[in-house]
Amino acid sequence: MHRLALAACLLIALPACAQPDGRLSPKDRDIATAVAALPEEFRATASVRGYADGGLVDLRDGEGPFICLADNRADERFHVACYHESLEPFMARGRALRSEGHSKDVDSLRFAEVEAGTLAMPTHPAALYSLTGDSVSVNDTTGVVTGASPLYVVYIANATAESTGLPTTPMPNSPWLMFPGTPKAHIMFVPEM
């Protein structure tokens, strides 16, 4: 493979990365599907992590502001997510607490740690993009995902209805504020497919 094509392949998992049968390698497929949640302008520079041996491994180091998590094939439901790098301490702590068996207490434990100053939250708005679904198809030669529902979130720690002017209950075709007044406060955007 030409050196430039190989570099492009490793960066954004193009079909040029295909195996002899034309399909993407499992790693390239994971990268392509993970970054599919992002707006196009952030895909080539996102860092991507995938699941292996019960934990996360680096699939691609990126120079951009997003960290993407590939689909965990051990889970029947397809789910990929990309979040702004400033959210990494909060997200990593949630993963650690779940792995320690604290699934029901993740938020209360993280909130207490944020309050105590031992867990950082961004002081600016920070985005998260995800694709989720039970009947999702992935093209094995292009990595294109179909049938997944997108969700867009903007975290604004401790935001309230008063500070944002957003309702705190879901409204059809309208953004709303979830977990108001907490470190996990975020604006929910649920676009129509």
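**Exercise 1. The disulfide**

Cys68 and Cys82 form a disulfide in which the sulfur atoms lie 2.2 Å apart. The model examined here is a predicted one. Determine the handedness of the disulfide between Cys68 and Cys82, and state where each cysteine is placed in the chain.

*Solution.*

Step 1. A disulfide is a covalent bond between the sulfur atoms of two cysteines. The cut-off applied to a pair of cysteine sulfur atoms is 2.5 Å, and the pair Cys68 and Cys82 is at 2.2 Å.

Step 2. The torsion about the S-S bond of Cys68 and Cys82 is about 110°, and the disulfide is therefore right-handed. The bond links distant parts of the chain: Cys68 belongs to strand β3 (residues 66-69) and Cys82 to strand β4, with their positions 14 residues apart in the numbering.

Step 3. Buried means a relative accessible area under 20%. Cys68 has a relative accessible area of 0%, so Cys68 is buried. Cys82 also has 0%, so Cys82 is buried.

Step 4. A search of the whole structure finds one disulfide.

**Exercise 2. The largest pocket**

Describe the largest pocket by its volume, by the elements that line it and by the classes of its lining residues.

*Solution.*

Step 1. Rolling a probe the size of a water molecule over the atoms shows where empty space is left. The largest pocket holds about 870 Å³ of space. Its lining comprises 32 residues, and those closest to the centre are Leu69, His79, Ala81, Met91 and Arg98.

Step 2. At least two lining residues come from each of these elements: β4 (78-84), α4 (88-99), α5 (106-116), β5 (126-133), β8 (149-155) and β10 (186-189). Helix α4 gives the most, with seven residues.

Step 3. Sorted by class, the lining has 16 nonpolar residues, eight polar residues and eight charged residues.

**Exercise 3. The chain as a whole and helix α2**

How many helices and strands does the protein chain have, and which residues of α2 are buried?

*Solution.*

Step 1. The protein chain has six helices and ten strands. Of its 193 residues, 38% are buried.

Step 2. The exposed area of the protein chain is about 10,700 Å², of which carbon and sulfur atoms supply 55%. Among contacts with a separation of 6 or more, 48% are between residues 24 or more positions apart.

Step 3. Helix α2 (residues 26-35) is mostly covered, since seven of its ten residues are buried. The buried residues of α2 are Asp28, Asp30, Ile31, Ala32, Thr33, Ala34 and Val35.

**Exercise 4. Val145 and Glu41**

Decide whether Val145 is buried or exposed, and do likewise for Glu41.

*Solution.*

Step 1. Val145 lies in strand β7 (residues 145-146). The relative accessibility of Val145 is 17%, so this residue counts as buried.

Step 2. Apart from neighbours within four places in sequence, Val145 is in contact with Thr33, Ala36, Phe78, Leu131, Val136, Ser137 and Val138. One of these partners, Thr33, is among the buried residues of α2. Ala34 is 111 residues from Val145 in sequence, yet their C-alpha atoms are 9.5 Å apart in space.

Step 3. Glu41 is placed in helix α3 (residues 40-43). Exposed means over 50%; Glu41 has a relative accessible area of 66%, so Glu41 is exposed. The C-alpha atoms of Glu41 and Gly64 are separated by 10.0 Å, and the two residues are 23 positions apart along the chain.

**Exercise 5. Loops around strand β9**

Locate Asn173, Phe179 and Thr168, and describe the phi of Asn173 and of Phe179.

*Solution.*

Step 1. Most residues other than glycine have a negative phi. Asn173, not a glycine, has a positive phi near 55°. Asn173 is in the loop between α6 (161-164) and β9 (176-178), and at 62% relative accessibility it counts as exposed.

Step 2. Phe179 is likewise not a glycine, and its phi is positive at about 55°. Phe179 lies in the loop between β9 and β10, and at 30% relative accessibility it counts as partly exposed.

Step 3. Thr168 is in the loop between α6 and β9, and its relative accessibility of 36% makes it partly exposed. Not counting residues up to four places away in sequence, Thr168 touches Ala161, Trp176, Leu177 and Pro180. The C-alpha atoms of Thr168 and Pro180 are 7.0 Å apart, with the residues twelve positions apart along the chain.

Notes:
Residues numbered from 1 in each chain as written. Predicted model: local features only at pLDDT ≥ 70, side-chain atom pairs only at ≥ 80, totals over all residues. Heavy atoms only, no water. 1 Å grid on protein atoms, 1.4 Å probe; cavity = no way out; pocket = protein on both sides within 12 Å on 5 of 7 lines; lining within 4 Å. Points joined across faces, edges and corners; volume = space filled by probe spheres on them. Helix = DSSP H or I, 4+ residues; strand = E, 2+ residues; numbered from the N terminus. Nonpolar A, V, L, I, M, F, W, Y, C, P; charged D, E, K, R; others polar. Buried < 20%, exposed > 50% of the residue type's maximum accessible area, 1.4 Å probe, protein only. Contact = heavy atoms within 4.5 Å. Areas by Shrake-Rupley, 256 points an atom, 1.4 Å probe, with all protein chains shown as cover.
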